[in-house]
Amino acid sequence: MQTTRQDAKPSLRPLIHMISRILPLVALFSSSHSFVDAAGPLADGQTNLIAYWGQNLNKQVASFKSSPEVSLADVCKNTKYNIIHIKGILSYYTVKGYPGVDFNNHCSFPLNVFHNWPIVSKNGLSLLDCATNVGKDITTCQAMGKKVVLVIDPLDFMNKTATLPNGANAVADNIWNLFLGGTSEFRPFGPNVVVDGIDLHIWSNNPDGVKDLAINLKTKMGSKYIFAASPRCQYPDYLFSPTAWGDLSPYFDYIITFFLATSNACGFNQNRKGFNLSLTDWSSYAGSLPLIVGLSAWPTNEVILAKPGDYIPVSDFQSQDLISQFTSLAPNFAGFSLLDVSFDMVNLPCKNDPPSKKPRYYSDFLYQQLTLPAGQRGDLTSGSYQCLNVTYVAPSPSPPSPSPAANNGGAKTTTTTTAAAAAGGGGSSAGTVDLNGNNAVNNGGQQPNQGGITAINNAQGTGKPTSDSVGRFAGLSWLLVFGMVLFL
């Protein structure tokens, strides 16, 4: 008997059923957010160093006026910071209703206004055209795998009514269109330059519109962008408190608590008990969010945003093993943030660094402390300015895997890394173990200049498909379904 097409259909039903089961997975894998977006902004473990750049604070010290803050690109190339917060938006509402932007010696009003832009401003701030310097450097940093986050640190206030011209809705729309995923003819960093996120660095104690702004921005940004808050150390903070916000995790990706300008309440050397209590309180309130400890990058009280006792000298870290203490007080402790880069670049605390080698910055020393295991961070006499020159020896390797296919989960490779050298800049390594004891990706003997920080949002070498391969998979699956429908 001749087989008709009608008779052939039943044999295809199992295949059709299988495809119908796969389609939901195809939709999941082909969503708009890549694996990189979903993994989170911070480095794995406690090795995060976050810079604050853009205000050149050391200009307030007469002896440093001839040493202005280096460019953003230089920061990314020559330091251990894995996230750079650039400051920033200093006014919610200025000329033509746009936010006021300032980056001090890098890009400022009125020199860097847009063409045919008004050069009169009531508060001395305006939207700026920073594409050729700051915008170009943002692209350089991002190409190196480093994140650039824009800081909102306003000198003015929003209207408490969100729908008014200077209310939270208009401010959020401007930030989205000018710096994030929206569009505008006046994008300060260039038409195609997008920052990696936003930091609410608001110390004004005026809550009007702040939570509405956060909700509006989070709705627009979703999980694709970083959203951070950086309050002062006194707990509860006037703006960021359990009463005003409840749980912070629906809004933010990490919290930076700055132990600055509050020495009587929680300064490290002026009120150690208050420091420890504040660290514990912020850790508890942050909950599941990583907690970054914000510190002064300079030891004198001439910094406008610090007081005597805020600075923690290298001798205290080494003689007291402060990293272990911080981890004990705050289980979600995830690294340090320094205010600011201009002071970090002139603070060379390791007096034993030889003249023939690049001296270590304060941030380099902190990176050494973060990456060395407990017991290897030093036990020096208090008051010493001799920084550690130690060699970290990785654990003995595990037996090799019998299957070549198991390369991603195979044995660790023993290596030695001189912490002093690691603190001085990036380099090359072949199949190394990072300083947290994790397997590092073997990139053919070359690792990018990331200072050894292994970012969990780097999909390379993790066994996860990239967004390109996901797209190809989704496209082929839909093509298969379409062809099957035509055949039937």
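Biologist: Why is Asn116 called exposed?

Modeller: Its relative accessible area is 67%. Exposed means over 50%, buried under 20% and partly exposed anything in between, with a 1.4 Å probe and protein chains only, so Asn116 clears the upper cut-off. Its place is the loop between S3 and H5.

Biologist: And what sort of model is this, before I ask more?

Modeller: A predicted one, where local features need pLDDT of at least 70, side-chain atom pairs count only at pLDDT 80 or more, and totals for chains, interfaces and linings use all residues. Numbering starts from 1 along each chain as its sequence is written, and side-chain values use heavy atoms, leaving out hydrogens and water.

Biologist: What makes the phi of Asn116 worth flagging?

Modeller: Phi is near 60° there, a positive value in a residue other than glycine. Most residues other than glycine have a negative phi, and most peptide bonds are trans. Asn56 also has a positive phi, about 50°, without being a glycine.

Biologist: Is Asn56 buried or exposed?

Modeller: Buried: its relative accessible area of 5% falls under the 20% cut-off. Asn56 lies in the loop between strand S1 (48-53) and helix H4 (72-78); helices here are DSSP runs of H or I with at least four residues, strands are E runs of at least two, and both are numbered from the N terminus.

Biologist: Which peptide bond next to Gly88 is cis?

Modeller: The one joining Lys87 and Gly88, with omega about -10°. Gly88 is in strand S2 (residues 83-91). Phe109 and Pro110 are joined by a cis bond too, with omega about 5°.

Biologist: How many aromatic pairs are there?

Modeller: Rings of Phe, Tyr and Trp (its six-membered ring) pair if their centres lie within 6.5 Å; planes under 30 degrees apart are stacked, over 60 edge-to-face, the rest tilted. That rule gives 33 aromatic pairs.

Biologist: Why is the pair of Tyr235 and Trp282 called edge-to-face?

Modeller: The centres are 5.2 Å apart, which is within the limit, and the planes stand at 80°, over 60, so edge-to-face it is. Tyr235 sits in the loop between strand S6 (226-229) and helix H8 (242-245) and Trp282 in helix H10 (residues 272-286), so the pair ties together parts 47 residues apart in sequence.

Biologist: How do you know whether Tyr235 and Trp282 are buried or exposed?

Modeller: Trp282 is at 1%, hence buried, while Tyr235 at 30% counts as partly exposed.

Biologist: What makes Phe326 and Phe333 edge-to-face?

Modeller: Centres 5.9 Å apart and planes at 70°, so they pass both tests. Both are buried.

Biologist: Why is Lys96 said to lie over the face of Trp117?

Modeller: A charge sits over a ring if NZ of Lys or CZ of Arg is within 6 Å of the ring centre and within 35 degrees of the ring normal. Lys96 is at 4.4 Å from the ring centre of Trp117. Likewise, the charged end of Lys80 sits over the ring of Tyr367, 5.1 Å from its centre.

Biologist: Why is strand S8 called mostly covered?

Modeller: Six of the six residues in S8 (residues 291-296) are buried. Leu291, Val293 and Leu295 point one way, Ile292, Gly294 and Ser296 the other.

Biologist: What makes S8 and S9 a pair?

Modeller: Pairing needs at least two DSSP bridges between the strands. S8 and strand S9 (residues 333-339) have five, in the parallel sense, so they qualify.
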